Structure formats: C-alpha cells, structure tokens
Amino acid sequence: MVRVDGPSASPGVRHRVSVQFDTVYVDNVSRHYGRRRALAHVTLQAQQGEIFGLFGPNGAGKSTLISILSTLLRPSGGGVRYGAHTVADTGDALRGQIGVLGHDLCLYGDLTARENLRFFGRLYGLDRLEARVTDALARARLSDRADDRTGSFSRGLRQRLAFERALLHDPRLVLLDEPFTGLDDDSAQVLIERLRTLRAAGHIVVMATHDFDTAEAVVNRSLCVDRGRTWPVADGVGTLRERYRRTLAECV
Amino acid sequence: MGFFHTVWTIARKDLVIESRSRELAYTTLFFAVSVVLVFSFSFVVEGVALTDAAAGILWVSIAFAGTLALGRTFERERQSDTLKAVLLSPVERPAIYIGKLVGVLLLMLVVEAVITPVVGLLFQAPIDRAPLLLVGLLVTGTLGFAAVGTLFAAMLIRAQSRDVLLPVLLYPITIPLVIAGVRGTAAIFAAEPNLAVAQAWLAMLVFFDAVFLTLALWVFGPVMGE
C-alpha cells in the first residue's frame with residue numbers, strides 16, 4: 001500500500017491509502033473462459049495524457065481487456081501493472097483510481113440521478129460530495145432532472161449520467177466501453193470535449209468503441225482487436241476507419 | 001471509507017429502493033402468508049393443529065419467503081449490473097457482503113413479524129409463552145439463512161439458471177439451521193414446553209451463525225473477484 005502524497009493522486013478522495021501511476025502496462029495478458037480464448041498474449045502501454053482506442057468486431061475481446069484493466073477480471077496469463085503497482089500489492093486502493101463506464105450503465109433505476117451519484121460518491125469516500133454531485137449533474141446537463149428517478153430516463157440521459165458517475169472520483173485511469181452509445185450529436189460532441197479535457201489533465205483513457213468517426217477526433221493511439229489478438233492500427237493516409245480496415249486485412 | 005460506513009451506505013441504499021418500490025415486501029409477505037394459510041387447511045383439523053406443525057410451518061414459510069427475497073434483491077443488482085459498479089469501488093468486499101446481508105435480514109425480519117402472529121392465530125401456537133427466546137431463535141435462524149443465501153445469491157448473479165440454482169444450493173446447506181429453528185420453536189410451542197431445550201437449540205443457531213458468517217466473509221471477496 002502507498003500513502004497519498006503526490007499530485008497525481010485524486011485530490012478529493014479521502015482514502016487513507018491510494019496509489020499513483022502515470023502508465024498502465026499490459027504485459028502478455030491472456031484470458032480464457034473454459035476452452036474459449038478471449039485474449040491471447042496482449043501487450044500494450046497506455047500513458048497519462050493519452051486516449052487509447054480499442055477497435056474490433058463484436059466478441060473480439062475488447063470488453064474482456066477493459067474488465068481486466070478495471071481489476072474485475074483476473075488474467076489467465078500475463079499481468080497488468082499500474083505504474084509500479086499491481087492489483088495484488090495495492091488491493092482496494094487501486095480501484096479508487098479507476099473509473100469505468102461499461103456496456104451496462106450501473107445506475108439504480110429506483111434512485112434519482114442525484115442519489116445515484118451520492119451513493120457512489122460515498123462508496124469512494126469523497127469529500128465535498130454535494131458540490132461534486134452538483135458539478136457532475138451540471139456536466140451531464142441533468143441539473144433539471146436531478147431529482148427524477150433514472151428509471152424514467154432515456155438511454156442517452158442515463159449514458160451521460162453514467163459517464164459522470166464513472167468520473168465522480170477523478171480517477172487516473174478511465175475505462176470506457178462504447179461511451180457514445182445512445183448519445184445524440186450534441187451529447188457526443190460534449191463527450192468529445194470532456195475526453196479532451198481529461199487528456200489535457202493527464203488522465204489515462206482507454207476506450208473501446210465501434211464509432212470510428214467520433215473516436216477519430218480524440219484518440220491518440222489505436223489498437224485493432226480481433227479474436228483475442230491485437231495489432232496497432234496502421235499509421236498513414238486515410239481515415240481511422242480506413243486504416244483499421246487495412247490493419248484487419250493485413251494482419252488478421 | 002470505514003467498514004461500518006460502507007455497510008450502512010449499502011444497506012440504506014437497499015432500504016431506500018425497497019421503500020419506494022415495496023416490491024419485495026409485498027411479494028414476500030403475500031407469499032409467506034399464502035404458504036401458512038395453505039398449510040393451515042391441511043394441518044388444522046376441526047380447529048386442532050397437529051403436534052409441532054406450527055413450528056415447522058413457520059420455518060418453512062421463512063425459508064421459502066427468504067429465498068424469494070434473496071433472488072429478487074440480487075435481481076435488482078443484476079438488471080443494470082450495479083453490483084459490478086459497487087465491486088469496482090475501493091471498499092472492502094466483506095463490507096459489501098454485510099451491507100447486502102443487512103438489507104435482506106431486515107426484510108426477512110419484517111416478514112416474520114407478520115407471519116409469526118398469523119401462525120400463532122391459525123395453529124393456536126403460544127407465541128407469547130417465551131417471547132424473547134422465540135425472537136432469539138427467529139433472529140439467529142434468519143441471520144444464518146440470510147448469511148448463506150446472500151453469498152449464494154451474489155455468486156449466482158450471472159448464472160443463467162440462478163432462480164433454480166439458488167434453492168438447490170441453499171436448502172441443503174441451511175438444513176441444520178432450519179432443523180435447529182424448528183426444534184427450538186417446537187420446544188416453546190409444545191403442550192409441555194421445555195425452555196432449556198429451546199435454549200440449547202438457540203446456542204446451536206448462534207454457533208451455526210458464527211460458522212456461516214465467518215466462511216461467507218472469507219470467501220465473498222475471492223468468489224466475487226471473477
């Protein structure tokens with residue numbers, strides 16, 4: 001366990017211990033579900049101030065990789081290091097530095113938007129919780145619906161709220177699985193701006209998406225994932241979608 | 001965040017959700033009272049209940065209603081994968097387990113507060129003969145049942161046939177608890193009550209609770225890690 005001292009630790013989190021890291025190393029990670037291989041010998045490195053895009057067909061292993069990065073899933077082989085730390089040596093504290101927006105939005109439909117944020121804020125032991133919740137609601141453009149139950153929200157509204165829930169504790173590592181799902185054009189643009197802000201603030205963002213056109217505006221590096229294997233998306237001319245297709249054709 | 005603060009945060013969230021939907025309270029209560037009523041038609045003949053029937057039916061109702069409550073409680077967490085978000089937070093896994101357990105336990109105790117008088121009424125069971133001892137048996141028995149059930153329900157949250165698997169796994173493990181509850185309660189309700197025997201079964205239930213809680217706290221983190 002490492003005590004919070006440095007500037008890179010989330011400033012408002014009241015955990016007695018936390019971890020600091022500027023880089024995430026995925027080292028030769030494999031994951032099997034029984035006999036089915038979900039990931040095979042994946043190696044990558046994501047650094048602070050970087051948005052790392054994961055692209056690939058359905059069932060390629062993107063969500064599995066995000067689950068492993070989030071500490072929810074243990075790799076069958078290889079390992080993940082968060083700076084100098086591993087899940088084994090940092091325990092619960094590491095999760096305080098990771099924010100995850102998954103396929104499922106992880107919101108309680110019978111709680112209001114404000115109550116959902118409050119609940120998760122309390123679990124993260126955040127100080128200035130009410131101010132953070134109010135800010136998050138404003139950023140999600142849901143201040144006027146703050147006291148409505150999220151069960152009555154559309155997918156897009158819940159997506160916006162879930163994104164802010166994932167960032168409520170100002171995590172170092174932000175993991176996004178299909179963050180643009182259900183968002184209208186305006187909301188997608190707001191999300192892109194928010195991602196740019198995160199990048200500028202030195203967060204590490206790993207994002208799995210099928211939305212090449214939207215993602216192209218923000219990603220720094222891209223990885224093609226297919227049948228559990230990964231290849232860097234080729235540099236060069238063409239749009240991200242074209243380069244991705246070229247990579248798939250050449251490597252897979 | 002402290003252990004008990006986490007427990008309270010999770011339990012309070014469950015109670016707030018239940019206070020709004022009242023889905024679990026109504027369905028569980030309706031089910032438990034229905035079970036007692038149906039049994040009363042079989043085991044009460046010409047106004048006289050079979051010996052020890054009241055104790056057995058009370059505990060069968062508790063087990064059935066508890067299984068229903070456990071399944072539905074975790075179904076809520078499954079619907080939007082909220083348990084995953086809770087597991088991703090930097091809190092101790094045992095505190096998450098205890099928080100969920102407290103919510104289930106309180107709900108089951110509310111159900112028992114209703115069905116125990118109903119059993120007393122329909123089966124002429126003297127529920128006021130040793131009230132503290134009876135409450136002790138009910139609370140400790142329910143705690144043990146909910147302790148095992150909460151662990152299994154959380155483990156099965158992603159299993160496709162979780163509704164079938166939960167009772168299949170839960171009942172064999174909790175048979176000692178139910179037997180202890182039935183025998184202790186029967187000793188109180190008997191025509192010639194034996195409170196010493198009831199106390200012995202209560203002690204047995206406390207022992208079971210300690211074992212089940214310790215094991216559940218120990219394994220909850222590792223089993224929820226995948």
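**Disulfides and cysteines**

I began with disulfides in this predicted model. With two cysteine sulfur atoms required to lie within 2.5 Å, I obtained a count of zero over all chains. I then looked up two cysteines of chain A. A:C106 has 3% relative accessibility and therefore counts as buried, the limit being under 20%. A:C224 is at 0% relative accessibility, so I recorded A:C224 as buried too.

**Chain A overall**

I noted nine helices and nine strands as the secondary structure of chain A. Its radius of gyration is 18 Å, close to the 18 Å that the globule rule gives for 252 residues, so I entered chain A as being as compact as a globular protein of that length. Along the principal axes, I found the C-alpha atoms of chain A to fill a box of roughly 50 × 45 × 35 Å.

For burial, I recorded that 55% of the 252 residues of chain A count as buried. I also looked up the contacts of chain A between residues at least 6 apart in sequence: 68% of these join residues at least 24 apart. The accessible surface of chain A is about 10500 Å², and carbon and sulfur atoms account for 46% of that area. Chain A carries 35 positive and 30 negative charges, and I found the mean positions of the two sets to be 5 Å apart.

**Helix 1 of chain A**

Which residues of helix 1 of chain A are buried? I listed A:K62, A:T64, A:L65, A:I66, A:I68 and A:L69. The helix spans residues 62–69, and six of its eight residues are buried, so I describe it as largely enclosed by the rest of the structure. Just after this helix, I noted a positive phi of about 80 degrees at A:T71.

**A:L94 in helix 3 of chain A**

I located A:L94 in helix 3 of chain A, which covers residues 92–95. A:L94 has a relative accessible area of 0% and is therefore buried. Setting aside neighbours within four places in sequence, I found A:L94 in contact with A:V19, A:F21, A:T71, A:Y82, A:T86 and A:V87. One of these partners, A:T71, is the residue with positive phi that I had noted just after helix 1.

I also looked up the separation of A:L94 from A:I66, one of the buried residues of helix 1. The two are 28 residues apart in sequence, and their C-alpha atoms are 15 Å apart.

**Helix 4 of chain A**

Helix 4 of chain A runs over residues 113–123; eight of its 11 residues are buried, so I entered it as largely enclosed by the rest of the structure. I listed the buried residues as A:A113, A:R114, A:N116, A:L117, A:F119, A:F120, A:G121 and A:L123.

Against which helices do these buried residues pack? Within chain A, I found helix 5 (129–139) and helix 6 (155–167). Chain B contributes helix 1 (3–21) and helix 4 (82–88). Just after helix 4 of chain A, I noted that A:G125 has a positive phi of about 65 degrees.

**Chain B overall**

I recorded eight helices and two strands in chain B. Their order along the sequence is α-α-β-β-α-α-α-α-α-α. Chain B has a radius of gyration of 18 Å, which agrees with the value near 17 Å for a compact globule of 226 residues. I found that its C-alpha atoms fill a box of roughly 55 × 30 × 30 Å along the principal axes.

Of the 226 residues of chain B, I noted 53% as buried. Among its contacts between residues at least 6 apart in sequence, 83% join residues at least 24 apart. Chain B exposes about 9800 Å², with 72% supplied by carbon and sulfur atoms. I counted 14 positive and 15 negative side chains in chain B, and the centres of the two sets lie 10 Å apart.

**B:E77 in helix 3 of chain B**

I closed with B:E77, which lies in helix 3 (residues 53–79) of chain B. Is B:E77 buried or exposed? Its relative accessibility is 2%, so B:E77 counts as buried.

Excluding residues up to four places away in sequence, I found that B:E77 touches A:Y108 in chain A. Within chain B, B:E77 touches B:K13, B:D14, B:T82, B:L83, B:K100 and B:I157. I also looked up B:F3, which is 74 residues from B:E77 along the chain; the C-alpha atoms of B:F3 and B:E77 are separated by 21 Å.

How values were computed:
Residues are numbered from 1 along each chain as its sequence is written. Chains are lettered from A and ligands numbered from 1 in the order in which they are written. This is a predicted model: local features need pLDDT of at least 70, side-chain atom pairs count only at pLDDT 80 or more; totals for chains, interfaces and linings use all residues. Side-chain values use heavy atoms; hydrogens and water are left out. Helices (H or I, at least four residues) and strands (E, at least two) are DSSP runs, numbered from the N terminus. The radius of gyration is taken over C-alpha atoms; the globule rule is 2.2 Å times the number of residues to the power 0.38. Buried means under 20% relative accessible area, exposed over 50%, partly exposed in between (1.4 Å probe, protein chains only). Contact means heavy atoms within 4.5 Å. Accessible areas come from the Shrake-Rupley method with a 1.4 Å probe; for residues, only the protein chains shown count as cover. Lys and Arg count as positive and Asp and Glu as negative; His and the chain ends are not counted. The place of a charge is taken as NZ of Lys, CZ of Arg, CG of Asp or CD of Glu.
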